[in-house]
Amino acid sequence: MENVTLNVQGMSCGHCVKAVETSVGALAGVQEVKVDLADAKVIVAFDESSVTVDQIKETIDEQGYDVV
């Protein structure tokens, strides 16, 4: 199991949290997603044999948020 913390800009409300947690959580291999609005971070626990960090970043980007 791998853990990654991503800096994500543009999240500001509960809808943002739900959009990111739902979309990233739907990826195969993702075990847990936590959004920290105050720190603009997304913490993801995932199986690196099923999903890559780049796929997670792309999914967040598709929701309209910038991974920096």
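Two strands pair if DSSP finds at least two bridges between them. With that in hand, let's work through this predicted model.

**Exercise 1. Find which strands E1 pairs with, and name a bridge partner in each.**

Step 1. Start with strand E1, residues 2–9, and strand E3, residues 41–46: six bridges join them, and the two run antiparallel. Within this pairing, Val-4 of E1 has Val-44 as its bridge partner in E3.

Step 2. Now turn to strand E4, residues 66–67. Two bridges join E4 to E1, again with an antiparallel run. Here the bridge partner of Gln-9 is Asp-66.

Step 3. Check against the cut-off: at least two bridges are needed for a pair. With six bridges to E3 and two to E4, E1 pairs with both strands.

**Exercise 2. Describe the largest nonpolar core and the surroundings of Ile-60.**

Step 1. This core holds 19 residues, and Val-42 and Ile-60 touch the most other members.

Step 2. Next, ask where the residues come from. E1, helix H1 (14–25), strand E2 (30–36), E3 and helix H2 (53–62) each supply at least two. H1 gives the most, with five residues.

Step 3. Zoom in on Ile-60. Setting aside neighbours within four places in sequence, its contacts are Leu-6, Val-8, Val-20, Val-24, Val-42, Tyr-65 and Val-67.

Step 4. For background, nonpolar side chains in soluble globular proteins tend to be buried together.

**Exercise 3. Work out how H1 and H2 are arranged.**

Step 1. The axes of the two helices come within 9 Å and cross at roughly 140°.

Step 2. Angles over 145 degrees would count as roughly antiparallel; H1 and H2 are therefore oblique to each other. H1 passes H2 in a right-handed crossing.

Step 3. Look at who meets whom: Val-20, Ser-23 and Val-24 in H1 meet Ile-56, Thr-59 and Ile-60 in H2.

**Exercise 4. Decide whether Thr-59 and Leu-37 are buried, partly exposed or exposed, and list their contacts.**

Step 1. Thr-59 is found in helix H2. Its relative accessible area is 10%, and buried means under 20%, so Thr-59 is buried. Beyond neighbours within four places in sequence, Thr-59 contacts Ser-23, Val-24 and Leu-27.

Step 2. Leu-37 lies in the loop between E2 and E3. At 33% relative accessible area, Leu-37 is partly exposed. With neighbours within four places in sequence left out, Leu-37 is in contact with Met-11, Ser-12, Cys-13 and Val-17.

Step 3. Finally, compare Leu-37 with Leu-6: the two are 31 residues apart in sequence and 12 Å apart in space, C-alpha to C-alpha.

Notes. Residues are numbered from 1 along each chain as its sequence is written. This is a predicted model: local features need pLDDT of at least 70, side-chain atom pairs count only at pLDDT 80 or more; totals for chains, interfaces and linings use all residues. Side-chain values use heavy atoms; hydrogens and water are left out. Helices (H or I, at least four residues) and strands (E, at least two) are DSSP runs, numbered from the N terminus. A nonpolar core is a set of buried Ala, Val, Leu, Ile, Met, Phe, Trp, Tyr and Cys residues joined through side-chain atoms within 4.5 Å. Buried means under 20% relative accessible area, exposed over 50%, partly exposed in between (1.4 Å probe, protein chains only). Contact means heavy atoms within 4.5 Å. Axes are lines fitted to C-alpha atoms, for helices over the stretch in contact, and angles run from 0 to 180 degrees between N-to-C directions. Angles under 35 degrees count as roughly parallel, over 145 as roughly antiparallel, 65 to 115 as roughly perpendicular and the rest as oblique. A crossing is left-handed if the near helix is turned anticlockwise from the far one by less than a right angle, and right-handed if clockwise.
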